[in-house]
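Look at the strands and the cysteines in the structure below. The paragraphs that follow take them in that order.

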4 protein chains.
Amino acid sequence: MPVPAPNLYPPFNIVRLAYVELFVTDLIKSRTFYVDVLGLQVTHEEADRITLRAMEERGHHCIVLCEAEQPSASVLGFRLYDDPDLDKAHDWFQAQGLQVEWVERSWQGRTLRTRDPQGIPIEFYVRMDHLEPIHQKYALYRGVRPLRIDHFNCFSPNVDEAVAFYNSIGFRVTEYTEDEETKRLWAAWMHRKGGVHDMAFTNGVGPRLHHTAFWVPNPLAIIDLLDLMSTTGWLSNIERGPGRHGISNAFFLYIRDPDGHRIEIYCSDYLTVDPDLPPIKWDLKDPQRQTLWGAPAPRSWFEEGSVFAGTPVREADLKAQPIVAP
Amino acid sequence: MPVPAPNLYPPFNIVRLAYVELFVTDLIKSRTFYVDVLGLQVTHEEADRITLRAMEERGHHCIVLCEAEQPSASVLGFRLYDDPDLDKAHDWFQAQGLQVEWVERSWQGRTLRTRDPQGIPIEFYVRMDHLEPIHQKYALYRGVRPLRIDHFNCFSPNVDEAVAFYNSIGFRVTEYTEDEETKRLWAAWMHRKGGVHDMAFTNGVGPRLHHTAFWVPNPLAIIDLLDLMSTTGWLSNIERGPGRHGISNAFFLYIRDPDGHRIEIYCSDYLTVDPDLPPIKWDLKDPQRQTLWGAPAPRSWFEEGSVFAGTPVREADLKAQPIVAP
Amino acid sequence: MPVPAPNLYPPFNIVRLAYVELFVTDLIKSRTFYVDVLGLQVTHEEADRITLRAMEERGHHCIVLCEAEQPSASVLGFRLYDDPDLDKAHDWFQAQGLQVEWVERSWQGRTLRTRDPQGIPIEFYVRMDHLEPIHQKYALYRGVRPLRIDHFNCFSPNVDEAVAFYNSIGFRVTEYTEDEETKRLWAAWMHRKGGVHDMAFTNGVGPRLHHTAFWVPNPLAIIDLLDLMSTTGWLSNIERGPGRHGISNAFFLYIRDPDGHRIEIYCSDYLTVDPDLPPIKWDLKDPQRQTLWGAPAPRSWFEEGSVFAGTPVREADLKAQPIVAP
Amino acid sequence: MPVPAPNLYPPFNIVRLAYVELFVTDLIKSRTFYVDVLGLQVTHEEADRITLRAMEERGHHCIVLCEAEQPSASVLGFRLYDDPDLDKAHDWFQAQGLQVEWVERSWQGRTLRTRDPQGIPIEFYVRMDHLEPIHQKYALYRGVRPLRIDHFNCFSPNVDEAVAFYNSIGFRVTEYTEDEETKRLWAAWMHRKGGVHDMAFTNGVGPRLHHTAFWVPNPLAIIDLLDLMSTTGWLSNIERGPGRHGISNAFFLYIRDPDGHRIEIYCSDYLTVDPDLPPIKWDLKDPQRQTLWGAPAPRSWFEEGSVFAGTPVREADLKAQPIVAP
C-alpha cells in the first residue's frame, strides 16, 4: 500500500506551514507583483528585503523576499505548537542523521533549521511577533484579497520517500495519485492544519518548489485578479486556470512572479481534521484529477519550478507521463 | 472604412432577437441537456417538439427543439416593435428581391419568414403568448440559472456584406475585429436591444450558426454549471472557457449540446443604447480580443458550427487565420 | 385602470436617463464619498464643480457635483435619440404650456431645459463628449465598482398624474403598487432603456428626488461596499439593505451621501424591451413588494429626500401608509 | 482578566464539534426544512428519526432529528482524537463529580455521555461510520449548499463559568465581549478545530441552545437561500440577516426551523490554529460587534432558544442589556 497509515503520535507537534523565503533578482519588480497585484501587505521593508503578510494573518510574515543574484527558494518555515516541540524536533532530526542548527530569524523566537532527507531546507519556530488584526480594515484589501498562506507544493524525485518522511513527522495524506502500473505514488497532498494540505509532493526533477499557495475568499476574487493582471502588463505571468482541481476540489489559478516563482491562488477545499479521514485516491490516467472540467495543464506547469538555494536536484525515479496540453 | 455608419432610421423596427428553432436527432437526450443541465423551463412538450423559455422571459419560447433526421438550425426569430413593422418588413424584403412568406407559428401572431442575402432563414413576429412571470419562483431555478436568450453568432463567408445588410435593417456595430492587412472585417458584433449584440458574424465557412447565447446572473452560475456538467457525464460537451472575452468584456463558457449545437453562457457585457456610441475596434492579431486572459480557443471553436436547414454553405472570402490553441 | 396603456409612438424619442446635478455643501467631502467610497471616476474637477462617470460609461458625466449653500437636486438629465428629437421636445413641452429654454451645459451639445408638471427640473440633450473606454482598465475599479447610472426615483404628491405625464412622453410602466382601497397608484416604475426603470415615482411629499441608482456587477460588490463603508467612518451613511426588492427583483443597498442625497446600489433586474410586456402589479399591503425577504424599510427611507433646487413641495394626495420598521 | 490563558495541554483531545440531536414535533415538516430548503443529505430515515450530513462530511451524521412531544435539543456531540481520549475523558469528568455513562449510538463506536457543569448534555466519540465522499457530486447540491456543521452557540447564565470550564478541556477563546462596567464576560467564542469557534456562549437564560451553524461556500449561497425561503412559504422563518458579524467577520443568516430551533448559515471566518493567537476583545456597547454594518438584531434573537431536554434553566447572573432593534 503506497499511502502510509496516519501517524497519530508524531515526535513533535507541527501546527501549520508558515512562511517561505524567496530569493528574487529585482526586489522592486517583485514588490509590485506581490503587493500591488496580489495585494499582500508589507510589514517590513529595507534595501534588500521585504516581508509580507496576508489579510487575516497576525504573524509578522508569510513571505520574505530577498534580493539575490539568482532566483531560488531559500527555505520553507513551519510553526510548531509549543517551546518543547522545538527541542523535540532538534533531537529527532539529529537522531535521523540530519544536520540541525539554531538560526537567528528577525521577528521570530528560537528557530531550528534543517533539511529533509531530499534536501529541502526547512525551519521550525514557535514564536513570531504578532501584528494588529487587519482582516476588518477593508480599505486595505487589494488585488486578489489574499487571506492567508495555504500550502507548499514541491517536486520530489521520489514521492513515496517524501511522503513516508513527512508522515513520520505527523503530516497525513488527504488525497493522492497513484501510478496504476507500478503502484508508486505520483503525487500526494498532506496536511497538518486541517485543510487538504500544508505540503504536497509531485513526481519530478527535485527537490524543487513547485508553488506556494494563498487562500482567497471566493472564485470572484480570482476572476478579479485575472482581469487586473491581464490589463496591467502581467498577462504572460498567468500560467494556468481558472479551474477546479479534481484533487482537493479547489478553485484555482496559477501565476508566476517576475522570477518565475509559481503562486497558486486557491479557495474552497474542505475540513480534514478527523484523524481517520480516508484519503481519496486518484488514478494518474484520470484527467479530471488535474482539472475537474477537463482542460489539461500546460507543459511548463509540469516541468518548471524553483530550485532550493544550494540544493542539487536529480531526475525523478518514476517515469510515468502526465497528460499535458498538446 | 469597414464599419458602416449607424443607420438611425431603419425601414422597420426590430426590438431584439427572440428565438431559435433547432433540429435535434434525439429529443429526449436534448431535453436532458437543455432542461436538466442548463435549467431552461419547458413550456410545451409533444412527441417531436419541445419549447423552452428562460427564467425572466414571459414570451412562450426562446428555443424550439424539433426531432429530425439531421441536426441543423432551422430558423432565427426576431421580435418587431408593432404590427405595422411586420408589413414594412414584408415589403422591404420583397423589394430587395428576397423571398417572403407568412407562416403559421404556434403561440405566435402573424409571422414573416424570409432569408437574409447569405441565406440564413429568419422570422419576424410581433405577438407571442405571454406566460406568467417565474423570475421570482426561485424553487424553479436549476443548472446555470439561465435568465434570457442573449444573442446569435453566425459564421459568414463575407462579414463585410453581412454587416452591411444587417446595418441596413438597423443593427448597429458595437465592436469589431479588422484584418489589418486587407482592412476587411473579420468579425462584428451588432445590437438592437441595448447590449453588445443581438447578432454577430465571424469569418468562416457559412452561413452557419456558430452559437446561441444565454444570459446568466453572474460568473458563479457558470462555475456551478461547469461543476455540474463535469460530474454528470457532460464533460466532453465543455468546449471553451470559462474566460473573459476581450470583445464585449463578457465572462463566458461555450458548451455543445448532444448534436453539437453550440451554446454560450454569458454575463456582464455593457449598455449600448446611445445611438452614437463609438464601436470598439480590435486587431485580428491581438489575442486578448478572444480571451482577455490570454488562453486561445480550441480549433473546433473556429471551425465547427450548425448548418442552417436547407442552406448551402461556401468557403470564406477572407483567408486570414485566427490564433488557435496549439 | 390605474396604469395607462403603453404609448408606442411618443412625440419624441428619449433613449435613457443620463445625469443628475447635485448641489452639495462640502465638495471635498462629497468627492471622498463618490470617488473613494463609491468608486466613480473623476472626469473634470474645478474649485466648485466635479464631474463623474461610472466604469462602462463613455459619456463625459453621469453626476455633476456643485458646491452650494444648501443641498438640493439641481436637475435630472435625459438623453434623446437624435437632433430632431430635441426640437420636437422643445415644441411639445411648449405646447403643454411648460416653460422651455436652451441652456449651455459644458461637454454637451444643444440642451433643452424645462420642468415636468410637478415642477421637477429636467434637461434633454443628444450630444455629449465621448471619453475613451475604461471598462477594461481593471486597475481603476474601486469601491462598489459602479458600472453605470441606472435610474432616478422621485417622491410625487400624485403618482397617478406623474405616471400619466411620463407615459405621454414614452415611459412605460413595468411594475407598480396600487392602493387596493382607492385604486390609486402608490408607486410606479417606468423605463425607456430596457430595464425595470429609468424613472420611478413613489407617493410622498414632493416633488423630491428619492434616490439616484447605480448598476453594479453582482451582489458581492455591494457586500464589499458595506464592508468598506462600515470600517472607514461611513457606517451611519448606510440606510437600508442589503436586500432583494420584490419589485424589480433587484439586489439593493441604499446609502446617503454627506448631504443626505440618497444613492441606491443595484443589480440584477430584467430586460423589458418588449413593448407589450405586461406590468407587474403589487399590493401596497404586501410587505414582500418592498423586500422579498421580509425586512421592512426604516422610516427615513419613506420620509426623507432631496428637494429640487427652487422647487416648492406639497403634501401627498394619497394618505395610505406603507409598512415601516417599528 | 476575564479570559483564561490558553490551556495547551488539556486532559483529553477534542477534535471538533460533530453533531446535534434535535427533538422535533413534526418530522415530515422538519425534513422539508432541513433537506429540501437547507439542502442537507439524508443518510438514514425511519419512522421517528432522520439522520443528515452536509456535502463535504464523510461521517454518518451531523444532525439527528427525532420526533418528540416537545421540541428540545437532546445532546451536543464532539469528536475525540483517538480511543484513549475516550477513557481519559471518562475519568476526567468523573473526577469532576459529573455523571458519566457509556451509551449506544447508532453508526458510532463507544460513546461517552455526560453533562457540563451548566447541565448541557454532551457526548464524546471517536469512531463514526464513514460514507462515500459526495462533495464532488454536484448534482446533489441544493438549497444553501451546506458544506459542514461549523459550531454551536449556547445561552449561559454565567459565561465566565462556562468559558472557564470549556477552557479546562482545551477550547481556546478567539473573540469575546466584555461588559466594561463589571468586567464580566458577556459572550465568548471558543474553538478546537481551527476556526473562530466550535462552541460559543452568550449571556442569557440558560443553558439553552442558541443555534447550530453550517458553513457554506460564499455569500451568494446565502442570498440564494433567502430567495428560495421567501418564495416557498418560509418567509417567517427568516429571523436575522444577511449581514456581517463584527465578531468572527462571518457573513451570516439566522433562520428558524419549524419548531423554532435556530440555524445559522455562515461563511468566511479565519484560521485560528496558532495556539498563541491573541483573542479579540469587543465592547458590549459597540454595535458593530453584532453587525459590522450597523443593523441591530431583533429581540427574539436575544431571548429565544432551544431548551436542552430534561435540563432546567435559570436567569442570567449578568443583567447588562444588548442593543436590540427598536
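Which residue in E4(B) does Val24(B) stand opposite? The partner of Val24(B) is Glu67(B). This is a predicted model, in which local features need pLDDT of at least 70 and side-chain atom pairs count only at pLDDT 80 or more, while totals for chains, interfaces and linings use all residues. Residues are numbered from 1 along each chain as its sequence is written, chains are lettered from A and ligands numbered from 1 in the order in which they are written, and side-chain values use heavy atoms, with hydrogens and water left out.

In chain B, strand E1 (residues 14-24) runs parallel to strand E4 (residues 63-67), and the two pair over 5 bridges. Strands here are DSSP runs of E, at least two residues long, numbered from the N terminus; two of them pair if DSSP finds at least two bridges between them.

E1 and E4 belong to an open sheet of 8 strands in chain B, ordered E2-E3-E4-E1-E5-E8-E7-E6, with mixed pairing. At its edges lie strand E2 (41-46) and strand E6 (101-103) of chain B, each of which pairs on one side only. From one strand to the next, the twist averages 25°, an angle between N-to-C directions that runs from 0 to 180 degrees, with axes as lines fitted to C-alpha atoms.

Now the cysteines. Over all chains there are 0 disulfides, a disulfide being a pair of cysteine sulfur atoms within 2.5 Å. Cys267(B) forms no such bond because the closest cysteine sulfur, in Cys267(C), is 11 Å from its own, which is too far. Cys267(B) is also buried, at 1% relative accessible area (buried means under 20%, exposed over 50%, partly exposed in between, with a 1.4 Å probe and protein chains only). Cys66(C) is in no disulfide either, with the nearest cysteine sulfur, that of Cys62(C), 14 Å away. Cys66(C) is buried, with a relative accessible area of 12%.

Terms used. Helices (H or I, at least four residues) and strands (E, at least two) are DSSP runs, numbered from the N terminus.
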